[in-house]
Amino acid sequence: MFKFSSILAAGLAVGVSVGAQAGTLEDVKKRGSVSCGVSTGLAGFSQKDEKGAWSGLDVDVCKAVAAAVLGDSSKVQYKPLTAKERFTALQSGEIDLLSRNTTWTHTRDTSLGLNFAGVNYYDGQGFMVSNKLGVKSALELDGAAACIQAGTTTELNLADYFRANGMKYTAVTFDTSDQTRSGFESGRCDVLTSDQSQLYAIRIGLKDPDAAVVLPEVISKEPLGPVVRQGDDAWFNIVKWSMSALIEAEFLGVDSANVDKMKDEGKPGQKRLLGTEGDAGEKLGLSADWAYNIVKQVGNYGESFERNVGMDSPLKIARGLNAQWNQGGILYSPPVR
Ligand SMILES: N[C@@H](CCC(=O)N[C@@H](CS)C(=O)NCC(=O)O)C(=O)O
């Protein structure tokens, strides 16, 4: 009896996962594009230029998935979403994946019917104040008015930090990053708090960036990464490995300039990633050149980082935690084998 019911349970489990696997990949192929939820505009992560073209570190994850699935990184429909809107848009099927500076937390992972597919930026919450305030540490902010964005992890971290340090604050809440910046600029608050990367992005958008300073305290862990719906394991794997391929390509020394050479003349690990050896693509339900297309069209993680948020960008953020694990950071892709 025990044996029978466990076989039955295993059968059911297989049935459920096979059924769910049909969904998103088929939809995306039929539609010919990936519907990707991004932010409403955040320099370096997802922003639209005058011609309507999107770019950024988060946008590159959307592009990587399109390159892997459709062979063309430009086949993405971008859906700008506020922090409050983002999870509903994914749950309702309006988007195929969310790639929008979203922190992986226990609550989000367990109660929204969603899965985090990894981390594409290790961040932490910080504070930005006007120079005029003369404040050198967040511990001097007792009684401050703080500009924050609704529906973010920022809200709870702020409450925890002030309570833990016996300080009071007033929250001034906004819906978008543009509004938050304007609120700060027009003096609605003394301090703007958010993930540090976003502080740098917002700071360069100020009329006078030098008038504001980012304080040294980092008060939380904000591992940011792409998110998919639960119940579609095939799609979960595709998003997880498309993002990982960016990281693994950098680790293996494969970039957009040498990818053609590596594909034919590389070491076994490089060829396995690029599809000239092994069957990594097939195991994802994709073509053999899935990761080749990612690296050729989007570049590897390091290229994406420098172009969007690093030294080749106005943000000039150092790799820090987001360097490879063997280069002093904690960026680590599972092996493609
Ligand atoms: N990582 C945090 C914060 C994410 C967030 O939405 N931050 C704002 C602060 S600036 C933002 O990126 N806004 C972009 C937008 O307005 O679309 C979370 O997942 O809750």
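Biologist: Hi! Which helix and which strand each supply at least two residues of the shell around the ligand?
Modeller: Those are β11 (191-195) and α8 (196-203). Keep in mind that this is a predicted model.

Biologist: Good to know. How many residues surround the ligand, and which are the closest?
Modeller: There are 22 residues around the ligand, and the closest are T40, N101, T103, S177 and D195.

Biologist: What about classes, how does that shell split up?
Modeller: By class, the shell has 13 polar residues, five nonpolar ones and four charged ones.

Biologist: Let's talk contacts. What does T40 use to meet the ligand?
Modeller: A polar backbone atom of T40 is 2.6 Å from an oxygen atom of the ligand. T153 also brings a polar backbone atom, at 2.8 Å from a ligand oxygen.

Biologist: And R100, is that backbone or side chain?
Modeller: Side chain! An N or O atom there is 2.8 Å from an oxygen atom of the ligand.

Biologist: How much of the ligand does the protein bury?
Modeller: The ligand taken alone exposes 500 Å², and the protein buries 99% of that.

Biologist: What kind of space does the ligand take?
Modeller: The space it takes is the largest cavity.

Biologist: Last one: why does the ligand lie between domain 1 and domain 2?
Modeller: Because both domain 1 (23-122 + 224-327) and domain 2 (125-220) give residues to the shell around the ligand.

Technical notes:
Residues numbered from 1 in each chain as written. Predicted model: local features only at pLDDT ≥ 70, side-chain atom pairs only at ≥ 80, totals over all residues. Heavy atoms only, no water. Near = heavy atom within 4 Å. Polar contact = N/O pair within 3.5 Å; in protein donor to acceptor, adjacent residues only side chain to side chain. Areas by Shrake-Rupley, 256 points an atom, 1.4 Å probe, with all protein chains shown as cover. 1 Å grid on protein atoms, 1.4 Å probe; cavity = no way out; pocket = protein on both sides within 12 Å on 5 of 7 lines; lining within 4 Å. Sits in = over half its atoms within 2 Å of the grid points. Helix = DSSP H or I, 4+ residues; strand = E, 2+ residues; numbered from the N terminus. Nonpolar A, V, L, I, M, F, W, Y, C, P; charged D, E, K, R; others polar. Domains from an automatic or database assignment.
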